[in-house]
Amino acid sequence: MRITIIGTGYVGLVTGACLAEQGNDVFCLDLDAAKIALLNDGGIPIHEPGLVDVVLRNRNAGRLVFSSDIGAAVAHGELLFIAVGTPPDEDGSADLTHVLSAAESIGRHMTGFKVVVDKSTVPVGTGDRVGAIIGGHLALRGVDATFSVVSNPEFLKEGAAVEDFMRPDRIVIGHANDKEGERARLLMTQLYRPFNRHRERTHWMDVRSAEFTKYAANAMLATRISFMNELANLADQVGADIEAVRRGIGSDPRIGHGFLYAGAGYGGSCFPKDVRALSHTASQHDLELLILRAVETVNERQKQVLGRKVMRRFGRDLAGKRFAVWGLSFKPNTDDMRGAPARVLLRELIDSGASVAVFDPVAMDEAARVFARDFTADELARIDFVAGPMEALDGAEALVIVTEWKAFRSPDFAQIKARLNYPVIFDGRNLFQPQLMAEYGIEYHGIGRSALT
Ligand code: UGA
């Protein structure tokens, strides 16, 4: 099938490459000429496991092209995917500028039937706005072409995006009930057939419900995490182990195991933005989503948990003290620093006078770029980017782990102990067994694990 993807950001690029992999003829459009030039040169603007291979294979086979030509892009696809960013506006609402301008471009250029598939995360009702803009332009141009707007939200996780796209748990598609909507449904059914071979994973619904489903999913997952983080803080006080509690409740199938890990708070671009946008939508309807407000507050506080634990142990004045920090990206397998808890930790350590030696397997360049904005030149002079995890330990009072990269899961504990000034680990992702740390003579501070330390 002929597919156009508008926007070669995270979702757009993964969607385009994975659909090309199924034999579709995919045209990826981006207005950022530098990004298109990079992609045409075989480069990839993001770090995502497995993506490079899929992009290059399909580009070389001629099934995946990158261009900034809007007219050609709209002419190419029978299905036009909108996969542009919806960053938060100052009031927390989703900024729809890029989505609506994509709709405008479609309305300006289309001549025959199109299915317009919204993959960007957009507030309920955006599908109608997209439809109205396209319809308005067609009327202005006097073009007699029909179209249908479909909502097909994306559930892929950074770091596992290709795998998530190729093997989805579910596919959510919202479509209209009229003649064009039915035609759209047939085309979408064909497009997703390769992903539904063993069992049907598609949930068909109306457009508004599909738009809502995306927010509801992220809000629910964020709620589980904040809930566990609150319980972990209580566990620290009452002497219980949150890891035992997590397993104990997760084995109830009504609860399930996923997304119950207490830690240093959730980051990334999606949970924070979507929780806020859903709250904002509610406020537009004179409703207050009390739970979501708490989810956000708890998460902001949780990002400070490591800094708090360090200061409780080493005092509020950390001048002249150095700390090793492992992991900077908001989660493993990505270099994404948006909303990363490491940024909050570093701000607190630097404000208290400390210096830090930081290491991340992938996100060092991106972190340097982000820190250049977060910190002054004087402050940056107290942040050392070191070549490996062990190098970070030399001269440091303690080790703080923020991101659970695989390379940090089974380190040489004896070496950690030998290289640190004090054998103290603050573990923001509960990677180690407290009893084993005690065996090594390492003072261990997990999240919600004081029962065992
Ligand atoms: C999230 C959703 O999981 C995807 O389904 C969704 O498609 C995506 O947002 C999106 O809307 O685009 P993502 O932000 O890439 O994906 O990352 P997650 O794996 O969900 O992790 C988010 C944050 O929650 C990370 O900071 C992670 O460390 C934290 N987390 C996750 C926990 O603290 N505890 C957990 O148990 C799970």
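This passage describes a predicted model of a protein complex with a ligand, from overall confidence to individual residues.

Local features are taken from this predicted model at a pLDDT of at least 70, side-chain atom pairs count only at pLDDT 80 or more, and totals for chains, interfaces and linings use all residues. Residues are numbered from 1 along each chain as its sequence is written. The chain has an average pLDDT of 96, and 99% of the residues score at least 70; pLDDT is the predictor's confidence in each residue, from 0 to 100. For the complex, the predictor gives an ipTM of 0.98 and a pTM of 0.94.

The ligand is surrounded by 20 residues. A residue is near a molecule if its C-beta atom, placed from the backbone, lies within 6 Å of it. The closest are Glu158, Tyr261, Tyr266, Gly268 and Cys270. Two elements, α9 (207-238) and α11, give two or more residues to this shell. Helix α9 gives the most, with three residues. Helices (H or I, at least four residues) and strands (E, at least two) are DSSP runs, numbered from the N terminus.

Cys270 carries the UniProt annotation "active site", from an unreviewed entry. UniProt positions are given in the numbering used here, feature names are shortened, and annotations may be inferred rather than shown by experiment. Cys270 is part of helix α11. Cys270 is buried, with 22 other C-beta atoms within 10 Å. Burial is counted on C-beta atoms placed from the backbone: 20 or more others within 10 Å make a residue buried, 12 or fewer make it exposed, and counts in between make it partly exposed.

The same kind of record, an unreviewed UniProt entry, annotates a "binding site" at Phe155, Leu156, Lys157, Glu158, Lys214, Phe259, Leu260, Tyr261, Ala262, Gly263, Gly267 and Lys331. These positions span 177 residues in sequence, and the farthest two C-alpha atoms are 23.9 Å apart, so they do not all gather at one spot.

Two of the annotated positions, Glu158 and Leu260, serve as examples. Glu158 lies in the loop between β6 (147-151) and α7 (161-166). Glu158 is buried, with 24 other C-beta atoms within 10 Å. Neighbours within four places in sequence aside, Glu158 is in contact with Tyr10, Gly268, Lys331, Thr334 and Asp336. Contact requires the C-beta atoms of two residues, placed from the backbone, to lie within 7 Å. Leu260 lies in the loop between α10 (242-250) and α11 (270-284). Leu260 is partly exposed, with 19 other C-beta atoms within 10 Å. With neighbours within four places in sequence again left aside, Leu260 is in contact with Arg224, Met228, Arg246 and Gly250.

Arg246 also appears among the buried residues of α10, together with Ile242 and Glu243. These residues cover an arc of only 105° around the axis, which puts them on the same side of α10. The arc is that of the directions from the helix axis to the C-beta atoms. Arg247 and Gly248 are exposed on the other side of α10. The buried residues of α10 pack against α9.

Helix α8 (residues 179-192) has 14 residues. From its first C-alpha to its last, α8 reaches 20 Å, close to the 20 Å expected at 1.5 Å a residue; the expected span is 1.5 Å times one less than the number of residues. Ala184, Met188 and Leu191 are buried in α8. They cover an arc of only 55° around the axis, which puts them on the same side of α8. An α-helix has 3.6 residues a turn, so residues three or four places apart point the same way. On the other side of α8, Lys179, Glu182, Leu186 and Gln190 are exposed. The cover over the buried residues of α8 includes β4 (79-82), β5 (114-118), β6 and β7 (171-174).

Leu393 is placed in the loop between β11 (383-385) and β12 (398-401). Leu393 is buried, with 25 other C-beta atoms within 10 Å. Apart from neighbours within four places in sequence, Leu393 is in contact with Ala324, Leu399, Ile416, Arg419 and Leu420. Leu393 and Met1 are 392 residues apart in sequence and 54 Å apart in space, C-alpha to C-alpha.

Arg57 belongs to helix α3 (residues 51-60). Arg57 counts as partly exposed, with 14 C-beta neighbours inside 10 Å. Arg57 and Gly77 are 20 residues apart along the chain, and their C-alpha atoms are separated by 21 Å.
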